[in-house]
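This report describes selected features of one protein chain, with attention to how its helices pack and to a few individual residues. The sequence and the structure come first, and the discussion follows.

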Amino acid sequence: MATTIEVNKKSVKQLLETGKEKKFIIPEYQRPYAWSDEQIQVLFDDLVEYTVNNNESTYFLGTIVAYENDDKVQEIIDGQQRITTLLLLLRAIYSKLEHSSEKQAVYLKSQIEPAIWEQDDLTGEVKFDKILITSRVMGDDGNQEFADILVTGEADSKSNSNYTKNYMQLQNLINEYATSDPLSFYRFISNILNKAILLPITADSQDTALTIFSTLNDRGLALSDADIFKAKMYNHLDTQKKKDFIEEWQRLDEEATNVGESIQRLFYYYMFYLRASENDRNTTTPGIRKFYSKNNFEHLYSDDVMKNLKTILNLWSVINNRSLLDEPWSENIKIQQVLDGLTSYPNEFWKYPVVIYYLRYHSREDFEVKFLTFLRRLLAVLSALYIVKPTINAVKRNILNLNAEIITSPTPKFDFNSIDEKELKDKIKHAHRNTVRMILKMIAYQHQEELLPEKWEIEHIFPRKWQSSYVQVASDDEVRELVEHIGNKIPFEKKLNIIASNNYFAKKKESYQKSKVEILRKLAKENADWGLDEIRERDIRISDEFFALLSDWGLNRVDNQTKEELTHIPAERKSDYQNFIKMFKMKDSNESRKKFLEIKPS
């Protein structure tokens, strides 16, 4: 079916009067009314200036995006802040005119009435208790306050809501204007009703309206799909649970922001978990609104949705903020280091299997050891593949298959292409710029028992700006190439790096020795100088160490799984591993776990 939209330029009066046929609804997923006193002042001043200049042209107020929902009302997608303010303005004007018997006042009141209230079809009598707009914004205590102001024309001065503050500000501005220039004041009212123009865009569906809004919106944060999901979930609950849901949602929203994520992103990660649970291995990723809207939004109505979103957020709290949970695994430095390595992987595909694995198995007693094994293999496979073939979508299909495999086993099958040792080692030496941080992290973590400082830079041990006299035996092209090799790069704290500047090795050693990066301190201690030969030697050392590490973590390992979880463990180590699980249930300290992790399965 073709998408249809209707666009008709209307005056404020013409647009608001359409509410007599189809009322306006500000839906649950909209954000609360938030216009500031500055925005109120600017709008009012602009309308006054337009009137004073006696402008013949119209005054454009912007677009309104809406659609007719199943209840046959106009559901506002964009423009709710503007419409709300205009209604407050007209109500303040009406209150000012209410007791005036002047002809202009009487006439203008009759023009305002059908823009705010219902009227009797036969007599035209105004039904002041029945307004043409209803706000259902979730969790907004001002919804009723807004309605009361439009009905009574009065606001509670003790209230701190934006409805009351803005309405009282508008009343003051109107009183001042009417007193200083009463004749111009009537023209001002007429201009608001008839010359202030809006461009209503009426869509045939919510989807179309949201798409239009996302395209047009340039005034701040657009409505997210999560806002729609919030409204769907809220409306599905009974009255008693709605308040708890609002508080839970707001808490999750705040916590997600603090962690550098958003509820929108949590729903996106959760979608991959749900897809994996349904064995969906399609490489085409659906939009999240399209995915969750399937079967009448059934995925949103599951009792464990909010719990699962919170669990996913816990994982990102550890990854993004390095904060620890009340769970032993989050204190495991080896897990933290591997996760830190994954954060430097050049695209987001690593995130989905990690989220799925954590959500699926985080409650298991053997989770910590299994999670570490899984993360190491994931990083080994993904890093090697990207180093050899640095393209974004090289592993997409493999990741979708892995996602589904995770659901069926905590030791999932990794169906990825094998990597040639010689090719990988050669590519590591002059690694693609997108992989350098990841490689440096992985190497550094084999030499220290703590995370790298949060703010570090890639240090060129031999400076990128060199003097030709220092390397007389080499051409500029050769030096320029070697300087960018992995053997000449190392993590270095930003502050110390600034102090060290672009000096040669001998002058930088003092700064190196102050570093918390163990391999940098070791480098400064073991080398008297640093030149091209040292770079070549370290190239070989890093490539050998890196390949050995990846192999140990599971690169190129062939999976031959059976239903028995322990069959991949050599027979002579099964008893050790079973003892580990038994001891792990009883032990809780970092040292205990560190000791027992030494007998993890290969």
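## Helix packing and local features

Helices α5 and α6 run roughly parallel to each other, because the angle between their axes, about 30°, falls under the 35 degrees that bounds this class. The model in which this pairing is seen is a predicted one, and in it α5 comprises residues 142–152 and α6 comprises residues 162–180, with the two axes 9 Å apart. On the α5 side the contact is made by Gly-142, Asn-143, Glu-145, Phe-146 and Ile-149, and on the α6 side by Tyr-163, Thr-164 and Tyr-167. Sorted by class, the residues of this contact are four nonpolar, three polar and one charged.

A second pair of helices, α20 (residues 436–444) and α25 (residues 532–553), packs at an angle of about 80°. These two helices are therefore roughly perpendicular to each other, and their axes lie 10 Å apart. Helix α20 brings Ile-439, Met-442 and Ile-443 to the contact, while α25 brings Ile-542, Glu-545, Phe-546, Leu-549, Leu-550 and Trp-553. In this contact of α20 with α25 there are eight nonpolar residues and one charged residue, with no polar ones. The values for the two pairs are set out together below.

| Helix pair | Angle | Axis separation |
|---|---|---|
| α5 (residues 142–152) and α6 (residues 162–180) | about 30° | 9 Å |
| α20 (residues 436–444) and α25 (residues 532–553) | about 80° | 10 Å |

Both α20 and α25 also appear among the packing partners of helix α15, whose buried residues pack in addition against α14 (305–321), α16 and α17. Helix α15 spans residues 333–342 and is mostly covered, with nine of its ten residues buried. The buried residues of α15 are Ile-333, Ile-335, Gln-336, Gln-337, Val-338, Leu-339, Asp-340, Gly-341 and Leu-342. At the start of α15, Asn-332 places a side-chain oxygen within 2.9 Å of the backbone nitrogen of Lys-334.

Which residues outside the helix contacts deserve a closer look? Two aspartates offer a contrast in exposure: Asp-366 is buried, at a relative accessible area of 11%, whereas Asp-533 counts as exposed, at 55% relative accessibility. Asp-366 is situated in the loop that joins α16 (351–361) to α17 (367–388), and its side chain makes a polar contact of 2.9 Å with the side chain of Lys-370. Asp-533, by comparison, belongs to helix α25, and its side chain makes a polar contact with the side chain of Arg-536, also given as 2.9 Å. The C-alpha atom of Asp-533 is separated by 9.6 Å from that of Leu-482, a residue 51 positions away along the chain.

Three asparagines may be considered in turn. Asn-295 lies in helix α13 (residues 294–297) and has a positive phi of about 50° although it is not a glycine. Asn-296 lies in helix α13 as well, and its phi, near 60°, is likewise positive in a residue other than glycine. Both side by side count as exposed, Asn-295 at 57% relative accessibility and Asn-296 at 60%. Asn-401, found in helix α18 (residues 396–408), counts as buried because its relative accessibility is 17%, which is under the 20% cut-off. When neighbours within four places in sequence are left aside, Asn-401 is in contact with Arg-281 and Asp-415.

These local features belong to a protein chain with 27 helices and eleven strands. The chain has 602 residues, of which 52% count as buried, and its accessible surface comes to about 30000 Å², with 46% of that surface belonging to carbon and sulfur atoms. Among the contacts in the chain with a separation of 6 or more, 72% are accounted for by residues 24 or more positions apart.

Technical notes
Residues numbered from 1 in each chain as written. Predicted model: local features only at pLDDT ≥ 70, side-chain atom pairs only at ≥ 80, totals over all residues. Heavy atoms only, no water. Helix = DSSP H or I, 4+ residues; strand = E, 2+ residues; numbered from the N terminus. Buried < 20%, exposed > 50% of the residue type's maximum accessible area, 1.4 Å probe, protein only. Polar contact = N/O pair within 3.5 Å; in protein donor to acceptor, adjacent residues only side chain to side chain. Axes fitted to C-alpha atoms, helices over the stretch in contact; angles between N-to-C directions. Parallel < 35°, antiparallel > 145°, perpendicular 65-115°, else oblique. Contact = heavy atoms within 4.5 Å. Nonpolar A, V, L, I, M, F, W, Y, C, P; charged D, E, K, R; others polar. Areas by Shrake-Rupley, 256 points an atom, 1.4 Å probe, with all protein chains shown as cover.
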